[in-house]
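Work through the exercises below with the sequence and the model side by side, trying each task before reading its solution.

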Amino acid sequence: MNDLQKHDYALLKNCSYLIGVDEAGRGALAGPVTAGACVLSKAFFEDEGLLEQSGLVNDSKQMSAQSREQQYAALVLLRDKKHLDFEVASSTTEEIEELNILGATRLAMRRAVEALAKRTKDWDLPLQVLEGPLFESSFETKLIVDGRALKPFPYAHEGIVKGDGKSLAIAIASIAAKIARDRLMQKLAARYPIYDFGQHKGYATAAHRAAILSHGACMIHRSLFLRKILSK
């Protein structure tokens, strides 16, 4: 096992399923925020072949676009063979404006884990614990999220800072979320060609900021994120 696999297998000591959750696009100036959720069984980590096939998975931000696509294709095959499962959901620009980016990120994460849960009868999402440490509770399924714990959130979970570089389940979720969002931004680039969304994916590059100053904002820009740029 590599370090990411060892981390998750240790969490599965007293349960059978682990769900990892991560987001993509939280800091962008435009487009949705997406969330990925991946569920792995304890049996996954006891199969040498599956460990080998998932051995190159890493934090999506540490991978090249080509490597990310290759790993995503491998993960899709594992999902098709029912060795694991993952889902992606999003919150729109309008929801980001209404709920702020933290609220919209929580909503996307909730949508992703609930969509994942709907596809199985083998496990349930852990209900929120009102008192006491999370992992003292006897859940069949544990839920971990990249970063700090979400407040509020309807399901019991633990936040793991920089979890996408520590946990296999979170790393898979990060790849799925990143791939889904990048592909959507490629489609939006054809609709709004002057901003070149396919290149920077909505993030605050110099070219993107210059395009906003020259052409103003479009429908998918996050107005609250543009205040400093447009005030210059």
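The exercises that follow go from the sheet to the helices, then to the pocket and to some backbone details.

The structure is a predicted model, in which local features need pLDDT of at least 70 and side-chain atom pairs count only at pLDDT 80 or more, while totals for chains, interfaces and linings use all residues. Residues are numbered from 1 along each chain as its sequence is written, and side-chain values use heavy atoms, with hydrogens and water left out.

**Exercise 1. The sheet**

Task: Work out in which order the strands form the sheet, and which strands stand at its edges.

Solution: Begin with the terms: helices (H or I, at least four residues) and strands (E, at least two) are DSSP runs numbered from the N terminus, and two strands pair if DSSP finds at least two bridges between them. The order is β3-β2-β1-β4-β5, an open sheet of five strands with mixed pairing. At the edges stand β3 (85-91) and β5 (158-160), each of which has a single partner strand, so one side of each is left without a neighbour in the sheet. From one strand to the next, the twist averages 25 degrees, where angles run from 0 to 180 degrees between N-to-C directions and axes are lines fitted to C-alpha atoms, for helices over the stretch in contact.

Next, take the pairs in turn. Strand β1 (residues 17-24) pairs with β2 in the antiparallel sense over eight bridges, and E23 stands opposite A35 in β2. On to β4 (residues 141-146), which runs parallel to β1 and is joined to it by five bridges; here L18 has K142 as its bridge partner. Finally, β4 and β5 are parallel and pair over three bridges, with I160 in β5 as the bridge partner of D146.

**Exercise 2. The surroundings of β1**

Task: Decide whether strand β1 is largely enclosed or open, and say why.

Solution: Use the cut-offs for relative accessible area, by which buried means under 20%, exposed over 50% and partly exposed in between (1.4 Å probe, protein chains only). Seven of the eight residues of β1 are buried, so the strand is largely enclosed by the rest of the structure. Then look at helix α4 (residues 93-118), which lies across β1, β2, β3 and β4 and runs at about 160 degrees to β3.

**Exercise 3. A169 and its helix**

Task: Find which residues A169 touches, and which helix meets its own helix.

Solution: First place A169 in helix α5 (residues 168-191), where A169 is buried, with a relative accessible area of 0%. Contact means heavy atoms within 4.5 Å, and, not counting residues up to four places away in sequence, A169 touches D8, L18, I19, G20, C38 and L40. The C-alpha atoms of A169 and A37 are separated by 8.0 Å, although these residues are 132 residues apart along the chain.

Then turn to helix α1 (residues 3-11), whose axis comes within 7 Å of that of α5, the two crossing at roughly 115 degrees. In this contact, L4, Q5 and D8 of α1 meet L168, A169 and A171 of α5. The residues of the contact divide into four nonpolar, one polar and one charged, where Ala, Val, Leu, Ile, Met, Phe, Trp, Tyr, Cys and Pro count as nonpolar, Asp, Glu, Lys and Arg as charged, and the others, Gly among them, as polar.

**Exercise 4. The largest pocket**

Task: Describe which residues lie closest to the centre of the largest pocket, and which strand gives the most to its lining.

Solution: On a 1 Å grid over the protein atoms alone, a pocket is an open set of points where a 1.4 Å probe fits, with protein on both sides within 12 Å along at least five of seven lines, and lining residues have an atom within 4 Å of a point. The largest pocket holds about 360 Å³ of space, and of the 14 residues that line it, K82, L84, D85, T120 and D122 are the closest to its centre. Strand β2 (residues 33-41) gives the most to the lining, with three residues.

**Exercise 5. Backbone details**

Task: Locate the cis peptide bond from K151 to P152, and the place of N100.

Solution: Most residues other than glycine have a negative phi, and most peptide bonds are trans. The bond from K151 to P152 is cis, with omega near -5 degrees, and P152 lies in the loop between β4 and β5. N100, in helix α4, has a positive phi of about 70 degrees although it is not a glycine.

Methods
Points joined across faces, edges and corners; volume = space filled by probe spheres on them.
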